[in-house]
Amino acid sequence: MRDLLVSLIIFSLMPVCFRRPYIGLVMFSWLAYMRVQDLTWGFARGMRWSFYLALLTFSGWFFSPVRRRFFLPDARTYLMITMAVLIGIGIILSNAPDKVWQFKQYTEFVKIIAIALFTTGIVSSREHLRLLIWVIALSLGFYGVKNGIWGLKTLAQVPIIRGPGGMLYDNNDFSLALAMAVPMLWCIGISEQRPTLRRAFLVCVPLTAFTVLLTQSRGGMLSLVAGVGVLLWRSKHRATAIALSAVIGLVGIALMPPQMYERFASIKDYKEDGSANARFRSWAVARRMAMDNPFFGVGLANFRPNYLVYEPEPTPAELGGQVFVAHNSYLQVWAECGTPALFIYLVLIFMSFVTVWRVRALARRRYNTSWIINYATMFEASLVTFVIGAMFLNRAHFDLIYHWVAIVMLFGVMARQDMEDGQLYPVREEDDDETEPLSASHAGGFGARPKVRGFRTAGAIAAPTSGFRKESLGVGGFGTRS
């Protein structure tokens with residue numbers, strides 16, 4: 001029955017995905033991050049739904065009478081394209097024993113890049129961006145709530161050893177994705193005006209954080225702490241928030257099951273910990289691979305076949321197949337894809353941080369509170385979460401980080417436009433039921449101003465600073481006329 005329901009939903013929306021490529025992007029994101037097909041048990045589980053939707057969506061874009069660009073002209077989009085080309089060249093030059101497997105992995109990577117690029121081209125309004133972020137956050141939050149409730153029922157006695165599937169299959173990957181979702185759920189919640197939705201999002205936060213702990217992934221736990229740390233630091237009531245979090249943390253540690261506590265406490269004894277030592281050996285192997293193959297690496301997905309070449313005397317655990325991965329996303333990119341690809345990878349992440357910091361600084365000069373500041377905090381916390389988790393996890397080609405880079409790019413464009421045009425367009429009552437372009441110069445781009453109900457607009461007051469108007473600009477959420 002579940003297979004039929006999922007299939008019916010997807011099939012019924014396929015024509016819509018062709019006619020409206022943006023809906024296809026949202027559907028693709030839903031399948032990628034919620035993995036709804038993995039909740040079935042029959043024929044629907046093995047169907048290549050994402051491939052079919054991507055094909056229909058791209059076809060709809062190609063045949064659309066309204067021609068839109070495929071991606072936003074930006075340094076980051078060109079860098080992603082360059083990275084994909086470099087990795088492709090590396091595969092051709094590699095000595096991989098199984099080229100078919102390599103090209104299969106490369107196809108998946110190109111799909112990730114294509115979706116990220118397509119996002120920058122097809123998302124053309126703040127309402128579109130808002131909905132896409134909601135879909136990603138709620139898709140991951142679904143598993144946070146589901147597994148969090150299960151953890152409460154079992155008193156956290158049974159660890160989560162794997163996720164739903166796809167990029168979330170491994171428990172470490174699952175924990176990293178949910179740790180990135182915690183800032184999303186929190187910042188969306190505090191930006192929401194409708195009490196029911198606000199409470200629903202905020203209830204998801206502790207359950208999702210609890211699910212991260214249930215995976216017993218130490219990398220996931222460190223990522224979660226880093227992301228929450230950013231949220232606390234950016235809080236308007238920083239001291240109170242830190243004090244309250246410290247109390248909650250102490251209570252959580254006191255109630256933590258012994259096996260979970262021992263697992264996380266083993267971090268301090270990393271020199272005696274077998275898993276930590278295995279990571280150190282893998283890091284050393286990755287560095288040697290990168291130094292011997294500085295330009296194109298050993299080839300995408302070719303770390304394992306080359307491991308024994310650079311570690312001729314592995315430990316018994318390694319012979320048993322327990323290691324053989326880089327256990328570090330940055331070293332994984334360096335070893336498999338080369339120094340230029342690693343440079344691009346780091347630049348993409350750094351440029352995303354710069355966008356968030358600049359937009360936030362500009363918004364704080366204008367407003368005491370706004371959707372821009374809340375969303376800047378969300379992006380910053382999620383990026384920090386990934387940066388920390390990537391130090392310990394083999395997730396160089398994690399779907400979400402490339403998609404997040406694209407979304408941050410769009411956020412920077414829309415936030416700046418919102419602030420630039422906010423002084424020209426005061427809030428009017430007749431705007432409730434109309435959408436109009438910002439100005440002639442923005443027509444056809446990011447200029448549409450759909451009125452969106454539900455975002456927190458109350459209290460969004462312009463800060464009385466020199467150089468800007470002192471009156472209220474009405475900034476609150478995507479789609480509000482600010």
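These are my notebook entries on what I looked up in this structure, which is a predicted model.

**Entry 1: the chain as a whole**

I began with the secondary structure, and for this chain I found 18 helices and 0 strands. I then looked up burial, and of the 482 residues 55% count as buried. For the surface I noted an accessible area of about 21,800 Å², of which 66% belongs to carbon and sulfur atoms. I also looked at how contacts are spread along the sequence: among those between residues at least 6 apart, 74% join residues at least 24 apart.

**Entry 2: salt bridges**

How many salt bridges does the count come to? I noted 10 salt bridges. Before going through some of them, I reminded myself that side chains of opposite charge can pair when their charged atoms come close.

I looked up Glu108 and Lys111, which form a salt bridge with their closest N and O atoms 3.1 Å apart. Both residues belong to helix α5 (residues 99–122), and because they are 3 residues apart there, about one helical turn separates them. Glu108 is partly exposed, with a relative accessible area of 35%, and Lys111 also counts as partly exposed, at 29% relative accessibility.

I turned next to Asp173, which forms a salt bridge with Arg395, the closest N and O atoms being 3.5 Å apart. This pair links distant parts of the chain, since Asp173 sits in helix α7 while Arg395 sits in the loop between α17 (371–390) and α18 (399–421), 222 residues apart. Are these two residues buried or exposed? I found that Asp173 and Arg395 are both buried.

The next pair I looked up was Glu380 and Arg234, a salt bridge whose closest N and O atoms are 2.9 Å apart. Glu380 lies in helix α17 and Arg234 in the loop between α9 (218–233) and α10 (238–255), so this salt bridge ties together parts that are 146 residues apart in sequence. Glu380 has a relative accessibility of 8%, which is under the 20% cut-off, so I put it down as buried. Arg234, at 28% relative accessibility, counts as partly exposed.

I also noted a group of four residues, Glu127, Arg130, Glu192 and Arg194, which are linked in a network of salt bridges.

**Entry 3: a buried charge without a partner**

I looked up Asp3, which is placed in helix α1 (residues 2–19). Asp3 is buried yet has no salt bridge. Which side chain of opposite charge is nearest to Asp3? I found Arg2, at 6.8 Å, and because a salt bridge needs the nitrogen within 4 Å of a carboxyl oxygen, I did not write this pair down as one. Leaving out residues up to four places away in sequence, Asp3 touches Thr40, Trp41, Gly42, Phe43, Ala44 and Arg45.

**Entry 4: positive phi angles outside glycine**

I finished with two backbone angles. Leu155 is not a glycine, yet its phi is positive, at about 55 degrees. I located Leu155 in the loop between α6 (126–153) and α7 (171–191), and its relative accessible area of 61% is over the 50% cut-off, so Leu155 is exposed.

Ala301, also a residue other than glycine, has a positive phi near 60 degrees. Its place is the loop between α12 (274–292) and α13 (303–310). With a relative accessible area of 23%, Ala301 is partly exposed.

Terms used: Residues are numbered from 1 along each chain as its sequence is written. This is a predicted model: local features need pLDDT of at least 70, side-chain atom pairs count only at pLDDT 80 or more; totals for chains, interfaces and linings use all residues. Side-chain values use heavy atoms; hydrogens and water are left out. Helices (H or I, at least four residues) and strands (E, at least two) are DSSP runs, numbered from the N terminus. Buried means under 20% relative accessible area, exposed over 50%, partly exposed in between (1.4 Å probe, protein chains only). Lys and Arg count as positive and Asp and Glu as negative; His and the chain ends are not counted. Contact means heavy atoms within 4.5 Å. Accessible areas come from the Shrake-Rupley method with a 1.4 Å probe; for residues, only the protein chains shown count as cover.
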